[in-house]
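Let's walk through this structure together, starting with how its chains are arranged and then looking at some of its aromatic rings.

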There are 2 protein chains.
Amino acid sequence: MSTSSNKDREEGLAFQPKFDASGLVTCVATDAASGEVLMVAHMNAEALRRTIESGDAWYFSRSRNALWRKGETSGHTQRVVEMRMDCDQDAVWIKVEQTGAACHTGRRSCFYRAVGKGGTLTFVDAGK
Amino acid sequence: MSTSSNKDREEGLAFQPKFDASGLVTCVATDAASGEVLMVAHMNAEALRRTIESGDAWYFSRSRNALWRKGETSGHTQRVVEMRMDCDQDAVWIKVEQTGAACHTGRRSCFYRAVGKGGTLTFVDAGK
């Protein structure tokens with residue numbers, strides 16, 4: 001990719017997601033109220049399109065190789081309050097109103113363990 | 001990978017990052033004070049080790065294929081206040097005290113554009 005197209009992608013107002021080799025961008029979902037990071041997942045072009053169009057978070061599951069609307073089976077949906085694109089357009093940040101748990105383990109956030117000195121983990125949210 | 005090792009990775013307290021095919025995990029850095037997402041980048045095993053050991057954020061640059069300490073040339077360092085691991089241990093969340101700008105464009109955060117209906121971008125932080 002040329003320098004000029006990188007420049008355009010970074011300083012322009014054209015929506016031109018930079019998908020990886022698998023056709024995905026990274027998505028970070030944070031709680032619109034608390035600011036807590038709820039989860040990190042991936043979106044393909046169709047998940048991006050549906051998220052923007054519907055206001056509900058859609059993702060692409062790499063393990064299931066399938067598009068999914070967050071909460072379609074669990075009811076734990078994510079309503080998008082704001083969506084941001086990063087400088088090189090390979091990552092998206094959505095601020096969401098989370099119904100129930102974002103994590104498939106039943107916890108509010110996927111980031112329920114802190115990493116301490118020496119790489120020891122401790123639970124910061126053991127609640128389910 | 002077996003179900004039992006996934007279970008252990010999710011519910012255990014052993015630090016066992018799940019690196020992708022390139023040997024990387026995703027890292028989300030948020031501002032410890034404001035909660036704003038500053039950037040999304042990657043860490044390899046060595047970047048993780050150095051970050052945990054030093055308390056300064058280290059990353060692995062895919063484009064430069066090199067380990068780097070955030071701010072080593074710009075002075076825009078990140079002091080890690082807290083580090084979290086996600087459920088399947090393929091993503092890390094660090095809350096940081098950011099000196100200066102997290103973004104290489106000179107902006108505080110890489111997420112300086114909002115995505116509107118129809119996929120139009122608007123600047124939410126044009127300041128540099």
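A rotation of 180 degrees, with 0.0 Å of shift along the axis, superposes chain A on chain B with an RMSD of 0.0 Å (a least-squares fit on the C-alpha atoms of residues with pLDDT of at least 70 in both). The two copies are therefore related as by a two-fold rotation axis. In chain A, the C-alpha nearest that axis belongs to G35(A), 2.7 Å away.

This is a predicted model, where local features need pLDDT of at least 70, side-chain atom pairs count only at pLDDT 80 or more, and totals for chains, interfaces and linings use all residues. Residues are numbered from 1 along each chain as its sequence is written, chains are lettered from A in the order in which they are written, and side-chain values use heavy atoms, leaving out hydrogens and water.

Now for the rings: how many aromatic pairs does the structure hold over all chains? There are six, where a pair means Phe, Tyr or Trp rings (for Trp, the six-membered one) with centres within 6.5 Å; planes under 30 degrees apart count as stacked, over 60 as edge-to-face and the rest as tilted. Y112(A) and F123(A) have ring centres 6.2 Å apart and planes at 10 degrees, so this pair is stacked.

How covered are these two residues? Y112(A) is buried at 1% relative accessibility, while F123(A) is partly exposed at 33% (buried is under 20% relative accessible area, exposed over 50%, partly exposed in between, with a 1.4 Å probe and protein chains only).

Y112(A) has another partner: the charged end of R107(A) sits over its ring, 3.8 Å from the centre (CZ of Arg or NZ of Lys within 6 Å of the ring centre and within 35 degrees of the ring normal).
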